[in-house]
Every structure is written in structure tokens, then in C-alpha cells.
2 protein chains.
Amino acid sequence: MTPDPRRDEREFLANYDPRDYDPVAVTVDVVALTIRDGGLSVLLVRRGNAPYAGMWALPGGFVRGVRDAEDLPDAAVRELAEETGVSAKGGVLGRVHLEQLGTYGDPGRDPRMRVISVAYLAFAPELPDPEAGSDAVDAAWVPVDALGLTEAAEQRPGTTRRLAFDHARILSDGLERARAKLEYTPLATAFCAGEFTVPELRAVYEAVWGEELHAGNFHRKVLSVPGFVESTGGTSDKGGRRGGPRPKLYRAGDARLLHPALLRPSREEEIR
Amino acid sequence: MTPDPRRDEREFLANYDPRDYDPVAVTVDVVALTIRDGGLSVLLVRRGNAPYAGMWALPGGFVRGVRDAEDLPDAAVRELAEETGVSAKGGVLGRVHLEQLGTYGDPGRDPRMRVISVAYLAFAPELPDPEAGSDAVDAAWVPVDALGLTEAAEQRPGTTRRLAFDHARILSDGLERARAKLEYTPLATAFCAGEFTVPELRAVYEAVWGEELHAGNFHRKVLSVPGFVESTGGTSDKGGRRGGPRPKLYRAGDARLLHPALLRPSREEEIR
DNA sequence: TTATGTTCTTCTCATAGCGAGATTTACTCA
DNA sequence: TGAGTAAATCTCGCTATGAGAAGAACATAA
């Protein structure tokens, strides 16, 4: 057996300039989701230059590596803030959830060079339009239904001509992660304001899952899971609804996991 | 508002040598888990040089970026194969499950330079000792119980002096992912050989979850979940057990998700 | 060979959770 | 004032679960 040179690679870098090594760029892309007009929307930016000029893409950019080195979540927050003007932590609406989604490093995903992208997933309550107040940024919340993300288009990059690079795949993975997260975590409250009603929470589930839920059973489940929501004692003022009594107000509880979980009704197809 | 220069970064790279940009190195680290002697074990290598000389570390190495560019899963498979001599896909034991765990890019996680590591998680049936037959590789399967991974030590890098870099944190995340995956996927069968018994499968769950399960209820659940296991019709020959009848043999079914799921008994602490 | 202990496998039973639907109540709108 | 809508609560049958028990098959030691 010949000695394995891989073990010495780290020591290599202590003596050699890393610029001499393989040049790999690291970027951060953000799948930022929110509920607008009862539908699930994603924050997209329009590309102005080749490649994929004129197409939508996820907001993202390069990680500051050495000069002003930043952690990966900080890079995601910075990209999100630069695009929307709302900081995720401690901003006007500081209830933004951010988690790592996955890393995409297929050679050829960027036609110009080797780019490895760390994708993040963000859940936000309704935020202002990014273009309003900043005419220099060509960004918008786009309903995911309008993107035509069929399963076939998501799996084969290039089949859909709506999103640049492999961002259709990243968005698809983000949507599936979001759908799964709502099942066993209370993160649906991250899409709501500080105080919300059970029907509003149900609207979040219906928008993300894309199917209607049984109102009675949903109400029973939400209130029976310990720590999911806690009552504020108040009642919603009559909003622009179409009738019915005023629903009660709740805020997010202290649970980190839902037990028992809220399972999607139509998971039968995904099992096999 | 001033125009945002970030949007032009990709076009920047089309014209400028990427070596002039921030030098960030990309590595893959693998958390390879298996069951040995009834306990959960992880594949570790011992470092020979500074920093962290003499300490255990996860197997890993640099991603081939431009010359012989490889995808991230391929890099993980290559690292695993170089360390164990068993290829994950189509090897002697080709039933290795591999999935991406997460990406760790904290500045300062490597004291020499900026290194971003994409971690992968692997489930393997019992594999031969990596040191047997290859005296040049200082690697071994180490029981995770012997590493003293307390919750406090996992969260604060440097508290535990057993694993190099932030590998204690990565391993901790991998263990939690493995424990969760066994709840709602049939991946416990990836720890077993082609044919296995229900008690063997239960031993996998008990080793990963670290708690004993009710044998009768486990047996009922496994057989009632559609597609989890399918009978081979055979019966185990009398192994080195301590009595009892010969258990029946099964193989992995075609389910991709367990419905209903197999939930851990003691999740009560983690809920809040 | 016999006795004892172990473990696989299949039960029972009480309780909890769930899907589907009905009912009551409170509100909006014409 | 009447019709329509939706929140909130309830019933009912079915399924899933946890705990325990029991029988059968096997190993080991006396």
C-alpha cells in the first residue's frame, strides 16, 4: 500500500499560498418565503447580464472569505437585508426564521467557473415589496404557483426556463423542506405577525402545503399540542372577512417541536 | 439609494481571475456510522500533524475543484473509499446510504485559513476494520459512547478535547440527524445486511437511539408499516444468541417513508 | 435428560389520536 | 330582516399506541 497523500493536504496549506490551490468560489443563495395574498411567494431578483440574462434568480452573492470574513448565516442575513431592506435579526419585523437548506456544488452549475453555493431557507411574515422605495433593485416577491415548478422541471435543470442556474432545484428543495418543517415544528408562526388567529395559522398551512384543511380538526390539533400557541385573551377586530364570529388571538408558544405532529393529509403518493 | 455592487459580482468573475478573489477552500467531511458490537460507531482518523496533532478527526479532504472537477457527493464517496477501501456505490457492500448533512463555515474553524466544509452522513452495514490490511492508514471505528459527547461539549467547540476542529459539533449534528431519520424513514435497514431479522433491526434502533424498546410493540409496528420490510420466507440459522426461537428473515421493502412513523419514546425533553 | 432461563412472536386491553361530519354561535352583507 | 359565512365546539367510528401477558422455541447448565 502506498501512503495516502490526502492526509497531508491540511499541512500543505500551512506552507503554501492557498491561491495556488484549486480556485473554488463560495456563494450564498437564499430561498426567502412569505405568504402574500393567501399564496406562498418567494423573493427573486432579475438578472441583468449573461448568463441567464433577464431571468429570475434567487438572491445571493459571494461569501466574504478573508477580508471582513463572515459566517455563513451572517452572509445569508446580509444578502437578505441588501435585497429587502429588512434585517432578519432585530429589524422592524425581527421574527424571521433562517436555517441552512443545503449546498449545491455540481460542476457546471455555473458555466463560467466552479461555484459552490450554500443555500439558506428563510420564513418571513409579510414584508414590504422590495422594489418600493428602492428603484435600483430589481427584485420582487413572486408567487411560487406562477413559476410552473412541476416535478419533472425541478429535477432536470434546463427543463424550466424560468429560473437561472440550478435555482429551480434549490427552490424546489426549499419548498419541500418548508412543507416538512410545518409538520413537526411550530415554524408556521414565523409566517404570522406577533398576534394571529387560528384561521390565519391554518391559511399558512394551506398556502405552504397547497391543500385545504379541515377547519375543525385543525383547530382542535393546534390547541391540543402543548406549547404550539398560547392565548392572548384578546379577540381579533373585525377584519375584511366575509362573515363569521371574531376569532380569538394567539401568539407563538415555547415549543420547539410539535408533539404530536401535524401531518399532511396527502402524503400517500410520497411514501413509496 | 446607491446601486448595489453585489449584483455585478458574477459578471466580475467572468472578467477577472478568480484567484484574485477571496481565497476560500472547500472540503468534505464524512460522518460514517455503523453498528459494531451492538454499539453505534463512527469512522475516525488520527491526525499526525499540527494543528490538533494526535487527535481524532472525521475523514475528509479537499474537493477537486477545477482539475478533475467532482461533484460533492462524489468527493464524499471518494474520501470514504480512500479511508475504508469499500466503495459506497456498487462495492462489495453496496448498501451504503449517503446524504448531505450540512455545511460548516465559521471563520476560525481552521486556524490556518478560511475553510468551508460540506459534511456528509453515511449509514453502513458492518464494514471491515480500516486498519486491517492497510497499515499506512491510521483510522478506526470508534464507539460514539467512548467520545464523551455531552450536550455541553458538543455545543462549545474546545470544551471537548477529543475531536479536532469543530468535528465534535459536526458529529453531534450527524447523530441527531441519524436519530431523527430512523423515525420516519426505513434507513435503519441500511445498517443491516441484505437479510436481517426484526430483533436485529430493533438492535439498530436501540443502538442509535440509545434506549431499549418494547420488543412486542416494535415487532408489531415494523410489520404493520407498509413497505418497511418484506419477508424472505426463510428463518435465521441459530446464531450466537442466548436462547429463544429462530427469528424469521426479512429484507428492506420499497417504502421511502414510514407511515405511520416510529417515534422515539423519550422525546419529551426535546420538545420545549 | 431435565430444569431453568432467554427471546421471538403473538396476543389482550385500555387509552389516545385522528378523519369526517354535524351543530351552535356570531358576524357580514344585501 | 334574512341569507350566507365562518369560528369554535362537539360526536362518532376507526386506527394507533403503550403496557403487559402468554405461548412457543431455543440455549445452557445441572
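Q: How does the surface near DNA strand C divide by residue class?
A: Sort the residues by side-chain class, then count. In this predicted model, the surface near DNA strand C holds nine nonpolar, ten polar and eight charged residues.

Q: Which residues come nearest to DNA strand C?
A: Start from the set around the strand, then pick out its nearest members. There are 27 residues around DNA strand C, and the nearest are A:Lys238, B:Pro199, B:Gly216, B:Gly243 and B:Gly244.

Q: Which elements supply at least two residues of that surface near DNA strand C?
A: Map the residues back to secondary structure. H6 of chain A does so, as do helix H5 (198–209) and H6 of chain B. H6(B) gives the largest share, four residues.

Q: Now DNA strand D: which residues come nearest?
A: Apply that reading again. The set around DNA strand D has 26 residues. Nearest are A:Pro199, A:Gly216, A:Gly243, A:Gly244 and B:Pro245. Two or more residues each come from helix H5 (198–209) and helix H6 (215–224) of chain A, and from helix H6 (215–224) of chain B. Here the largest share, four residues, belongs to H6(A).

Q: How many nonpolar, polar and charged residues does the surface near DNA strand D have?
A: Nine are nonpolar, ten polar and seven charged.

Q: Away from the DNA, which residues touch the most other members of the largest nonpolar core?
A: Look for the members with the most partners. The core has 130 residues, and A:Val31, A:Ala122, B:Val31 and B:Ala122 touch the most others.

Q: What is A:Val31 in contact with, leaving aside neighbours within four places in sequence?
A: Set the sequence neighbours aside first. The contacts of A:Val31 then include A:Val42, A:Leu58, A:Leu101, A:Ala122 and A:Ile170.

Methods. Residues are numbered from 1 along each chain as its sequence is written. Chains are lettered from A and ligands numbered from 1 in the order in which they are written. This is a predicted model: local features need pLDDT of at least 70, side-chain atom pairs count only at pLDDT 80 or more; totals for chains, interfaces and linings use all residues. A residue is near a molecule or strand if its C-beta atom, placed from the backbone, lies within 6 Å of it. Ala, Val, Leu, Ile, Met, Phe, Trp, Tyr, Cys and Pro count as nonpolar, Asp, Glu, Lys and Arg as charged, and the others, Gly among them, as polar. A nonpolar core is a set of buried Ala, Val, Leu, Ile, Met, Phe, Trp, Tyr and Cys residues joined through C-beta atoms within 7 Å. A residue is buried if 20 or more other C-beta atoms lie within 10 Å of its own, exposed if 12 or fewer, and partly exposed in between; C-beta atoms are placed from the backbone. Two residues are in contact if their C-beta atoms, placed from the backbone, lie within 7 Å.
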